[in-house]
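Visitor: I've got some "why is it called that" questions about a protein. Could we walk through them together?

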Amino acid sequence: MNRRQFIRRAAILGAGIAVLPGILGREAAEAAWQSGGGLDGVSVRPTYLSFRSLWNRTTTDAIIVHHIGNTNDDVSAATVHRWHKQNGWAGIGYHFLIRKDGTIERGRPMGTIGAHCYGENDHTIGVNLVGNFEEYMPEPAQIASAKRLIAAICRFYGFAPSADTIFGHRDFNATACPGQNLYDLLPDIIDGAAAIY
Ligand SMILES: [Zn+2]
């Protein structure tokens with residue numbers, strides 16, 4: 001069973017779906033999130049983006065990590081939102097975007113189905129670290145924020161960070177994303193998130 005099949009199996013069996021509500025409590029955390037606040041102690045910058053139709057996810061059992069790829073610029077969630085709307089999508093496909101200075105920005109509302117990984121959007125959260133990590137290295141501040149954010153998302157949905165729940169985009173689709181340099185750091189990010197979780 002490869003990792004993709006494992007996730008599918010886990011989704012079908014219902015394993016790994018919210019068991020504990022997290023420190024804040026699921027409802028309080030969701031309310032804080034919807035009102036533009038942070039997530040379980042991790043601050044998330046509101047971006048006030050408007051979307052076309054969105055659908056809620058019923059299962060969340062994994063997080064998929066991405067990079068921007070076509071530029072190493074410090075692009076904002078608003079910029080990616082504009083690009084993705086130009087694709088004809090509802091808006092930015094990622095749920096979170098981590099800027100070069102480590103600031104975490106809101107993308108698509110966390111409870112809705114994203115547009116970031118073909119075939120896997122119905123059960124995953126998409127986190128994008130801004131940059132081109134085929135050619136450049138992520139900033140240490142981005143890695144630190146990724147660990148804290150992933151730990152908070154995992155607490156919220158009640159699954160532990162591990163190699164069976166945290167993936168790079170290229171684990172599923174034919175893409176270089178999230179870039180070799182960030183992909184090589186995924187084990188370190190998972191270990192760090194697990195330590196915080
Ligand atoms: Zn990607």
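Guide: What follows is a short round of questions and answers on the terms used here.

Guide: Mind that this is a predicted model, where local features need pLDDT of at least 70, side-chain atom pairs count only at pLDDT 80 or more, and totals for chains, interfaces and linings use all residues. Residues are numbered from 1 along each chain as its sequence is written.

Visitor: Okay, what makes something a helix or a strand here, and how many are there in the protein?

Guide: Both are DSSP runs numbered from the N terminus: H or I over at least four residues for a helix, E over at least two for a strand. By that rule the protein has 5 helices and 5 strands, in the sequence pattern α-α-β-α-β-β-β-α-β-α.

Visitor: Why are β1 and β4 called a pair?

Guide: Pairing takes at least two bridges found by DSSP between two strands. β1 (residues 62–67) and β4 (residues 124–129) have 6 bridges, in the parallel sense, so they qualify. Within this pair, Ala 62 stands opposite Thr 124 in β4.

Visitor: And what makes β3 and β5 edge strands?

Guide: The open sheet runs β3-β2-β4-β1-β5, with mixed pairing. β3 (104–106) and β5 (166–168) each have a single partner strand, so one side of each lacks a neighbour in the sheet. Neighbouring strands are turned by 25 degrees against each other on average, direction ignored.

Visitor: How do you know that α4 packs on that sheet?

Guide: By what α4 touches: residues are in contact if their C-beta atoms, placed from the backbone, lie within 7 Å. Helix α4 (residues 140–157) touches β1, β2 (96–98), β3, β4 and β5, and its direction makes about 165 degrees with that of β4. Helix α5 (residues 180–196) packs there as well, touching β1, β4 and β5, at about 175 degrees to β5. Such angles run from 0 to 180 degrees between N-to-C directions, with axes fitted to C-alpha atoms, for helices over the stretch in contact.

Visitor: Why is Tyr 48 called exposed?

Guide: Exposed means 12 or fewer other C-beta atoms within 10 Å of a residue's own, buried means 20 or more, and partly exposed is in between, with C-beta atoms placed from the backbone. Tyr 48 has 7, so it is exposed. Tyr 48 lies in the loop between α2 (26–34) and β1.

Visitor: What is notable about its phi?

Guide: Tyr 48 has a positive phi of about 50 degrees without being a glycine. Most residues other than glycine have a negative phi.

Note on methods: Two residues are in contact if their C-beta atoms, placed from the backbone, lie within 7 Å.
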